[in-house]
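Here is a short walk through a protein chain for someone meeting it for the first time. Please keep the sequence and the 3D view at hand while reading.

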Amino acid sequence: TDPKLHTIQNDTTSPLDYKPALTKISVLWKGMMGEDPVTKVLFTPHTGRRHQLRLHALAAGHPIVGDVTYASAVDAISQKRQRMCLHAHTLSIPL
């Protein structure tokens with residue numbers, strides 16, 4: 001198993017009512033943003049749920065920098081950013 005590849009999946013035993021979602025997260029590099037340690041990752045969603053990437057990053061213990069909705073309570077770095085650091089590398093829309 002690749003130690004840099006993580007699969008995050010919703011807990012099916014949870015009493016919360018939500019649909020299953022699957023995201024693969026690959027670590028691309030680790031570095032610094034100013035004085036704060038950060039990690040650049042590649043998210044590969046296998047389902048398309050609302051806020052899926054943001055919630056799976058938070059569930060993995062590594063919230064997206066600048067995500068003040070989900071990460072503000074646990075991530076001091078997000079308090080310093082004006083925008084969420086979540087960008088699409090590629091986007092496919094079936095026609």
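Begin with strands β2 (residues 22–33) and β3 (residues 36–45): they run antiparallel and are joined by 10 bridges. One of these pairings can be picked out by name, since Trp29 has Lys40 in β3 as its bridge partner. The two strands form a hairpin, with two residues between them. In that turn, Gly34 has a positive phi of about 70°. When looking along either strand, keep in mind that side chains in a regular strand alternate between the two faces of the sheet. The model shown here is a predicted one.

The hairpin is part of a longer arrangement. In total the protein has three strands and two helices, and along the sequence they follow the pattern β-β-β-α-α.

After the strands, move on to helix α1, which spans residues 52–59. Its buried residues are Gln52, Arg54, His56 and Ala57. Buried here means that under 20% of the relative accessible area is left. For reading such a helix, it helps that an α-helix has 3.6 residues a turn, so residues three or four places apart point the same way. Just after α1 comes Gly61, which takes a positive phi of about 85°.

Finally, consider the protein as a whole. Of its 95 residues, 21% are buried. The protein exposes about 7400 Å², and carbon and sulfur atoms supply 56% of that area. Among contacts with a separation of 6 or more, 24% are made by residues 24 or more positions apart.

Note on methods:
Residues numbered from 1 in each chain as written. Predicted model: local features only at pLDDT ≥ 70, side-chain atom pairs only at ≥ 80, totals over all residues. Heavy atoms only, no water. Buried < 20%, exposed > 50% of the residue type's maximum accessible area, 1.4 Å probe, protein only. Helix = DSSP H or I, 4+ residues; strand = E, 2+ residues; numbered from the N terminus. Contact = heavy atoms within 4.5 Å. Areas by Shrake-Rupley, 256 points an atom, 1.4 Å probe, with all protein chains shown as cover. Pairing = 2+ DSSP bridges.
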